[in-house]
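Reader: Hi! I'd like to go through this one with you before I set anything up. Could you walk me through a few spots?

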Amino acid sequence: MALRIAALPGDGIGPEVTRAALGVLGAACASEGISVEVGEHLVGGAALRAKGTPLPDETVAACLAAHAALLGAVGDPAFDGEPRERKPETGLLRLRKALGVFANVRPAKAAPGLAAAGPLKPELAAGLDLVVYRELTGGLYFGEPRSLDLEGGRAVNTLPYSREEVERIAELAFRAAEGRRGLVTSVDKANVLETSVLWRRVVTDVASRHPSVTLEHQYVDSCAMALVLTPGRFDVLLTENLFGDILSDLAGALVGSLGLLASASLGAGPGLFEPVHGSAPTLAGKDVANPIGAILSAAMLLRDGCGLPRPAEAIESAVERVLADGLRTADLASPGTTPVSCSAFAQAVEAALG
Ligand code: IPM
Ligand code: MN
């Protein structure tokens, strides 16, 4: 069987990390006798420049026809201040909606020696092993009504959720907890927001179907603090779209670098796989970005998007071996040591496969 992958490099460091991840993915599949067909498609600022839209119809069609899509990053300061239809980010949001990928899964685990690059004391960082289940196609990002009247000095966004939308992401979070340490922390702001009161009710209902899992509710502000003070006590974090966006960047800092985090966005059809980091325009084209988030996203693509756990595990172990050998990109290198480039790191991972 040939695996059909839609590659969406996007903007900034997106193309570099996507190239790195595709090289590793191709090598891991080749050693399992799986052939891979990759088609490249435009999204974000790259699509705006070439086609005048952040998400060409052709890109959506290609993703829907593929087994899975691998995205680099979107975001380009050249489009700052443009209306929403002409923002790179709008391409990604429309794509998530078009693919119906309502569940964004973002694992964060402290790796030996890496968290030292972050702000936590080593003994705190050591226990960090959590996964964020972020609702991805609803909430503040998509809620109507929304409007912007810059001259008039008024803007509106809306935070709606239906029982069905909360239920389906909660169900996945509880199933994940059953295979992990059995704790779901549901994040909300139920002391202020009506949406959060509904969120709490629905999550509590879903919990009753998963008696082996412990459910706790936390306000998002208090959760942010607890993540820094006691990161090791969290297992599965279940969040609204915006809360999950914010807390996953925080988790990235805690494990040492946002560049380490991978994600899977899942729905009924092809999944979308992308590193959690952004386009980092100031690093673009310099071959200094950390490709680990993209490489581990390719592993998630194989396991969660294509039902291929073997090459996924091979990639994850290869990344661990390269890190154990001491190779570090600039974001992780300790002062006074020489970092390796994005492409050199990826080549080392390919060499460490199998
Ligand atoms: C992410 C990003 C996106 C988001 C942006 C680029 C629209 O920050 O995937 O976390 O806010 O979801
Ligand atoms: Mn984000």
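Reader: Which backbone nitrogen does the side chain of D76 reach?
Author: That of A78, at 2.8 Å. One thing to keep in mind as we go: this is a predicted model.

Reader: Thanks, noted. And which side chain is joined to that of D76 by a polar contact?
Author: The side chain of R49, in a polar contact of 2.5 Å.

Reader: Where is D76 found?
Author: In the loop between β3 (68–73) and α4 (88–99).

Reader: Does D76 count as buried or exposed?
Author: D76 counts as buried, because its relative accessibility is 16% and the cut-off for buried is under 20%.

Reader: Leaving out residues up to four places away in sequence, what does D76 touch?
Author: D11, G45, R49, P88 and S279. R49 is also the partner in that 2.5 Å polar contact.

Reader: Let's switch to the ligand. Which residues surround ligand 1?
Author: Ligand 1 has E89, R96, R106, R134, Y141 and D245 around it.

Reader: What distances should I look at there?
Author: Three of them involve oxygen atoms of the ligand. For R96, an N or O atom of the side chain is 2.7 Å from an oxygen atom of ligand 1. R134 has a polar side-chain atom 2.9 Å from a ligand oxygen, and for Y141 the corresponding distance is 2.5 Å.

Reader: Nice. What does N241 touch, again skipping residues up to four places away in sequence?
Author: Two of the ligand's neighbours, R134 and Y141, are among the residues N241 touches. The others on the list for N241 are E135, L136, T137, G138, F142 and Y161.

Reader: Is N241 buried or exposed?
Author: Buried: its relative accessible area is 0%. N241 has its place in helix α9, which covers residues 241–254.

Reader: On to helix packing. How do the axes of α1 and α12 cross?
Author: At roughly 10°, coming within 9 Å of each other. α1 covers residues 14–30 and α12 covers residues 342–352. The crossing angle is under 35 degrees, so α1 is roughly parallel to α12.

Reader: Which residues make that contact?
Author: From α1, E16, V17, A20, G23, V24 and A27 take part, and from α12, C342, A346, V349 and E350. By class, there are seven nonpolar, one polar and two charged residues in the contact.

Reader: Now backbone geometry, my usual worry. Which peptide bond is cis?
Author: The one from E144 to P145, with omega near 0°. P145 sits in the loop between β5 (129–135) and β6 (147–149).

Reader: What about positive phi in residues other than glycine?
Author: A280 has a phi near 40°. D287 is also not a glycine, and its phi is positive at about 60°.

Reader: Why do you point those out?
Author: Because most residues other than glycine have a negative phi, and most peptide bonds are trans.

Reader: Fair enough. Where is A280 found?
Author: In the loop between β12 (271–275) and α10 (292–306). D287 lies in the loop between β12 and α10 too.

Reader: And how accessible are A280 and D287?
Author: A280 is partly exposed, with a relative accessible area of 26%. D287 counts as partly exposed as well, at 27% relative accessibility.

Reader: Great, thanks for the tour!

Terms used
Residues are numbered from 1 along each chain as its sequence is written. Chains are lettered from A and ligands numbered from 1 in the order in which they are written. This is a predicted model: local features need pLDDT of at least 70, side-chain atom pairs count only at pLDDT 80 or more; totals for chains, interfaces and linings use all residues. Side-chain values use heavy atoms; hydrogens and water are left out. Helices (H or I, at least four residues) and strands (E, at least two) are DSSP runs, numbered from the N terminus. Buried means under 20% relative accessible area, exposed over 50%, partly exposed in between (1.4 Å probe, protein chains only). A polar contact is a pair of N or O atoms within 3.5 Å; within protein, one must be able to donate a hydrogen and the other to accept it, and residues adjacent in sequence count only if both atoms are side-chain atoms. Contact means heavy atoms within 4.5 Å. Axes are lines fitted to C-alpha atoms, for helices over the stretch in contact, and angles run from 0 to 180 degrees between N-to-C directions. Angles under 35 degrees count as roughly parallel, over 145 as roughly antiparallel, 65 to 115 as roughly perpendicular and the rest as oblique. Ala, Val, Leu, Ile, Met, Phe, Trp, Tyr, Cys and Pro count as nonpolar, Asp, Glu, Lys and Arg as charged, and the others, Gly among them, as polar. A residue is near a molecule or strand if one of its heavy atoms lies within 4 Å of it.
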